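Colleague: I am preparing a lesson for first-year students and should like one part of this structure examined closely. Please take a single helix and then set it within the rest of the chain.

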Amino acid sequence: TIDDIPQAILTVGRCLNCDATAYHLAEKMQLQLAELRTAVEKSIISKKVIPSVYVEIWPDPLTTVGKSSFISEVIHLAGGNNIGDQIDKKYFVVSPEWVLQNNPDVIVCFYMNEKTNIAEYLATRTGWSHVRALKNKRVYAVKHSAIILRPGPRVLEGIDIMKSFIAGN
């Protein structure tokens, strides 16, 4: 989980005799995570509309992230609502119809399709041109997926990237 990262930093710091550096990094990360959680809570309390997010880890078969995944935590801290939270798994295969039924506001793909624009690629799927994310040009391909997919010190950078997708920047 995201909350495990600061403790892991402290453990690695101890092993490398870099206790002070690890402590400062872990403490900074904990403070920033607390700030993010407060901002998310304020958004929920103010009844701000929280965009629904579909994450596509792989296109064949369509694979997404569920409620118990690290990526779902990233989505929530970035201000989104993971449509995959309906399923209490880390990763699972979905049908194209499932995505259409959930009609996400934002689509984030963790693979690159070098032959074409990712939004154009998704729009070729039957019925997908009617999905809100495609109609509103809110489809994003993660170029450096390790920043978001790997739970480590760069997770805050990954949350910022996801936040920019969810905000539409």
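Modeller: The following account begins with one helix and then moves outward to the chain and some of its individual residues.

The model is predicted. The helix chosen is α3, which covers residues 70-77. Six of its eight residues are buried, and the helix is thus described as mostly covered. The buried residues are F70, I71, S72, V74, I75 and L77. A general point assists in reading such a list. An α-helix has 3.6 residues a turn, so residues three or four places apart point the same way. After α3 comes G79, and the phi of G79 is positive, near 95°.

Positive phi values also occur at residues other than glycine. One of these is N17, with a phi of about 55°. N17 is placed in the loop between α1 (4-15) and α2 (19-45). Is N17 buried or exposed? N17 is exposed, because its relative accessible area is 68%, and the cut-off for exposed is over 50%. K137 likewise is not a glycine and has a positive phi, near 55°. The loop that holds K137 runs between α6 (132-135) and β7 (139-141). With a relative accessible area of 71%, K137 is exposed.

Another backbone feature appears at the bond between D60 and P61. This peptide bond is cis, with omega about 0°. P61 belongs to the loop between β2 (58-59) and β3 (62-65).

Strand β1 offers a residue with a covered setting. S52 lies in this strand, which spans residues 52-56. The relative accessible area of S52 is 11%, and S52 is therefore buried, since buried means under 20%. Which residues does S52 touch, leaving aside those up to four places away in sequence? They are N81, I83, N103, P104, D105, V106 and R132.

The cysteines may be considered next. How many disulfides does a search of the whole structure find? The search finds zero. C15 is accordingly in no disulfide, and the nearest cysteine sulfur, that of C18, is 10 Å away; a disulfide would require the two sulfur atoms to be within 2.5 Å. C15 is exposed, with a relative accessible area of 63%, whereas C109 is buried, with a relative accessible area of 0%.

It remains to place these parts within the whole chain. The secondary structure comprises eight helices and seven strands. Why may the chain be called as compact as a globular protein of its length? The radius of gyration is 17 Å, close to the 15 Å that the globule rule gives for 169 residues, so the description applies. Along the principal axes, the C-alpha atoms fill a box of roughly 55 × 40 × 30 Å. Of the 169 residues, 41% are buried. Among contacts with a separation of 6 or more, 66% join residues 24 or more positions apart.

The surface and the charges complete the description. The chain exposes about 9700 Å², of which carbon and sulfur atoms supply 55%. There are 19 positive and 17 negative side chains, and the centres of these two sets lie 4 Å apart.

To return to the starting point, helix α3 is mostly covered, and the glycine that follows α3, G79, has a positive phi.

Definitions and conventions
Residues are numbered from 1 along each chain as its sequence is written. This is a predicted model: local features need pLDDT of at least 70, side-chain atom pairs count only at pLDDT 80 or more; totals for chains, interfaces and linings use all residues. Side-chain values use heavy atoms; hydrogens and water are left out. Buried means under 20% relative accessible area, exposed over 50%, partly exposed in between (1.4 Å probe, protein chains only). Helices (H or I, at least four residues) and strands (E, at least two) are DSSP runs, numbered from the N terminus. Contact means heavy atoms within 4.5 Å. The radius of gyration is taken over C-alpha atoms; the globule rule is 2.2 Å times the number of residues to the power 0.38. Accessible areas come from the Shrake-Rupley method with a 1.4 Å probe; for residues, only the protein chains shown count as cover. Lys and Arg count as positive and Asp and Glu as negative; His and the chain ends are not counted. The place of a charge is taken as NZ of Lys, CZ of Arg, CG of Asp or CD of Glu.
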